[in-house]
Every structure is written in structure tokens, then in C-alpha cells.
Amino acid sequence: MKGMASGVRNGGPKVEFDQQVPYDQYVRATTLHSLQRPVTSDPGEMSFLMISQVMELYFGLIRFELQQIQDRLRADDVWGALAPIRRASLHLDGLNAAWRGLGWMTPVDFQRFREQLGEASGFQSAMYRHLEMLLGLKSATLIRPFKRQRDVYQALTDGLAAPSLWDDVVALLGRRGYAIPQELVDRDFAAEYEPSAEVEAAWVKIYHDDRPDNELRLLGEALTDLVEKYGHWRDQHVTAVRRTMGAKAGSGGSSGLAWLQNRAAQPVFPELWSARTEM
Ligand code: HEM
């Protein structure tokens with residue numbers, strides 16, 4: 001049994017370790033699986049809690065990819081930006097698929113543990129706000145809930161003042177010779193983004209240029225896919241709310257469905273969509 005002594009058995013994996021298994025050191029699986037603390041004994045609550053956690057992890061991953069895209073665009077490396085855009089798009093597919101795990105929940109099922117959640121609401125997800133801000137949805141009001149959590153609030157305040165991915169795209173178009181007004185490039189990034197006729201006109205031009213190596217058109221289409229999938233998350237959320245709580249008020253204090261519908265209607269990368277009317 002020579003192999004057994006070294007922890008290797010007949011070509012199978014190593015089964016003897018001096019310390020914690022390396023998988024756990026790397027993935028932190030024990031820590032991850034210790035983070036589920038349901039507040040009721042209702043078995044349905046575990047799905048609600050863990051799917052929220054899975055989505056939180058995806059928010060963080062997609063935010064990471066959006067930052068990689070910004071990094072490449074700032075380096076004028078449009079081809080290099082396509083890889084993180086593709087990754088972000090595929091992660092959005094994963095995020096969106098997670099909604100299926102709540103498809104069993106009727107309003108009666110939800111009601112069995114909803115009261116116990118108190119005022120907790122996904123509305124208070126700081127990572128979601130980071131994601132939204134990178135997508136160009138800037139609002140000082142929506143980061144106010146975090147005021148008492150110093151580090152979280154600081155990071156969100158920094159995110160508010162920083163360029164969104166769309167701001168970086170617009171700056172890139174300017175560097176590539178499109179007529180982008182300087183005040184748009186130098187704008188106050190914390191302010192709500194106002195769609196621009198010049199940016200829209202630039203996209204119309206880019207899409208009409210059908211050279212196969214027109215990297216900006218590829219960028220436009222890759223970003224369109226990404227935003228479309230983000231829209232699916234927002235739409236599925238609205239549908240999940242309508243299905244599981246109708247028009248009741250939200251635990252976060254909003255009117256619920258109507259408030260969410262209004263938010264979901266806010267356009268992301270607006271000129272990428274409005275330009276299509278002009279093509
Ligand atoms: C069927 C289950 C769900 C219901 C009924 C529901 C309900 C709501 C409601 C009513 C709001 C509006 C704010 C409020 O007053 O609470 C909201 C916001 C939000 N929820 Fe959910 N939610 C559900 C699942 C989830 C899950 C699994 C996540 C993932 C973390 C999530 C993330 C969010 C986010 C990020 C917002 C803020 C959206 C925005 O600002 O546009 N929700 N939710």
C-alpha cells in the first residue's frame with residue numbers, strides 16, 4: 001500500500017492532508033456555508049435567503065467585470081474589452097437563471113416568512129448600487145441608507161463621483177474622432193446622465209460603417225447584449241414581485257410593484273438604443 005502512505009490511491013485523488021483541505025483554503029466553502037441564517041423555521045425561507053446570496057455574489061462578479069471593461073477602454077483597447085464584456089454577459093445569464101429557484105413561491109408561501117424579514121429589502125444592497133452606478137444609473141438618494149456604515153458609504157460615494165462605464169465609452173468615442181462635446185467628457189460624474197444628441201449621432205455613424213474590422217460596432221453590439229440581459233434581471237424581478245406579493249407595499253418602504261416598474265423603465269446606455277431609430 002505504497003500509494004496510501006503518500007495519500008494517492010490507484011490513480012485516484014489525494015485523500016490525506018495535514019491541514020484544512022486546499023479547496024477550502026481557496027474557495028472558503030466552510031465559511032460560505034456558514035452564512036445561511038434563516039430567521040424562521042419555514043423551509044421555503046432557505047431558498048429565498050440563498051438565492052438572494054447567490055445573486056449578491058453575481059452582482060459582485062459582474063461589477064468586477066464591468067471594471068475590467070473600463071480598464072481596457074481607458075487603455076484604448078477595444079478588442080481587449082470584448083472578453084470581459086462576454087464574461088459579464090454570461091454571468092448575467094447565470095444571474096437571471098437564479099430566478100427560477102423562486103418560481104415555486106405563491107403569495108401564501110411568501111407570507112409565511114415575509115413579516116419576519118422586517119424592513120430588510122434588496123433595495124438596501126450596496127453591491128447592486130455599485131453595479132447600477134457603473135451602468136450609469138447615478139442617484140445620491142439611493143446611497144443614503146448606508147450613511148451609518150462608514151466604509152460602505154465611502155465606497156459608494158466614490159462610485160457615485162467616478163465615471164460610469166458609459167462615461168468611459170463616450171470618452172473613447174471622443175478620442176476616436178467623433179464630435180463629442182467637451183462638457184460631456186468633463187461632466188460631473190455624480191450627476192444623473194443626460195442623453196446626448198452627439199453621442200447618438202456617433203453611434204448612427206458607427207453602425208453604418210460596415211467594415212468587418214469596425215471594432216466600435218462590435219463594442220456597441222456587445223454592450224447592447226449586456227444591457228439587454230441586465231434588463232431581463234429587472235423585468236424578472238418585477239414579475240417575481242407581481243407574482244409573489246401583488247401590489248402590496250415593499251418591506252423597504254416603497255409602494256412595491258409600481259416603484260419597481262418605474263425604476264426598471266430607466267434606460268441604461270440610452271443613446272445605444274435611441275440611435276436605432278435613426279439608422
Ligand atoms: C419574490 C421575491 C422578491 C420580492 C417579492 C422582492 C420585492 C422587492 C420590492 C417590493 C422592492 C422595492 C423596494 C422595497 O420597498 O422593498 C425590491 C427591491 C429590490 N430587490 Fe427585491 N424582491 C424579491 C427578490 C429579490 C432577490 C432574490 C434579490 C437579489 C438580491 C432582490 C434584490 C432587489 C434589489 C437590488 C432591489 C432594488 C431595486 C432598485 O433599486 O431598482 N430582490 N424588491
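In the UniProt record, an unreviewed entry, the feature "binding site" is placed at R114. The structure considered here is a predicted model, and the surroundings of this residue can be described from its coordinates. R114 belongs to helix α6, which covers residues 107-114. Its relative accessibility is 10%, and because buried residues are those under 20%, R114 is classed as buried. Apart from residues up to four places away in sequence, R114 touches M245, K248, A249, G250 and S251. One of these partners, M245, falls within helix α12, which comprises residues 215-245.

The chain as a whole contains 14 helices and zero strands. Its order of elements along the sequence is accordingly written as α-α-α-α-α-α-α-α-α-α-α-α-α-α. The C-alpha trace extends over about 70 × 60 × 35 Å along its principal axes. Of the contacts in the chain with a separation of 6 or more, 71% are accounted for by residues 24 or more positions apart.

The interior was examined next. Buried residues constitute 39% of the 279 residues in the chain. In soluble globular proteins, nonpolar side chains tend to be buried together. In the present model, the largest nonpolar core has 56 residues, and those with the most contacts inside it are L66, L73, W166, W203, L223 and F269. At least two residues of this core are supplied by each of the helices α4 (44-74), α5 (78-97), α6, α7 (126-134), α9 (165-175), α11 (197-208), α12 (215-245) and α13 (257-264). The largest share, 11 residues, comes from α12. Helix α6, in which R114 lies, is thus also among the contributors to the core.

A second, separate core consists of six residues, including A126, M133, L156 and L160. Within the largest core, F269 is one of the residues with the most contacts. Leaving aside neighbours within four places in sequence, F269 is in contact with L135, L165, W166, L223 and V227. Two of these partners, W166 and L223, are themselves listed with F269 among the residues with the most contacts inside the core.

Surface and charge properties were also computed. The chain exposes about 15800 Å², of which carbon and sulfur atoms supply 54%. There are 32 positive and 36 negative charges in the chain, and the mean positions of the two sets are 6 Å apart.

Note on methods: Residues numbered from 1 in each chain as written. Predicted model: local features only at pLDDT ≥ 70, side-chain atom pairs only at ≥ 80, totals over all residues. Heavy atoms only, no water. Helix = DSSP H or I, 4+ residues; strand = E, 2+ residues; numbered from the N terminus. Buried < 20%, exposed > 50% of the residue type's maximum accessible area, 1.4 Å probe, protein only. Contact = heavy atoms within 4.5 Å. Areas by Shrake-Rupley, 256 points an atom, 1.4 Å probe, with all protein chains shown as cover. Lys, Arg positive; Asp, Glu negative; His and termini not counted. Charge placed at Lys NZ, Arg CZ, Asp CG, Glu CD. UniProt positions renumbered as here; feature names shortened; annotations may be inferred. Core = buried A, V, L, I, M, F, W, Y, C linked by side-chain atoms within 4.5 Å.
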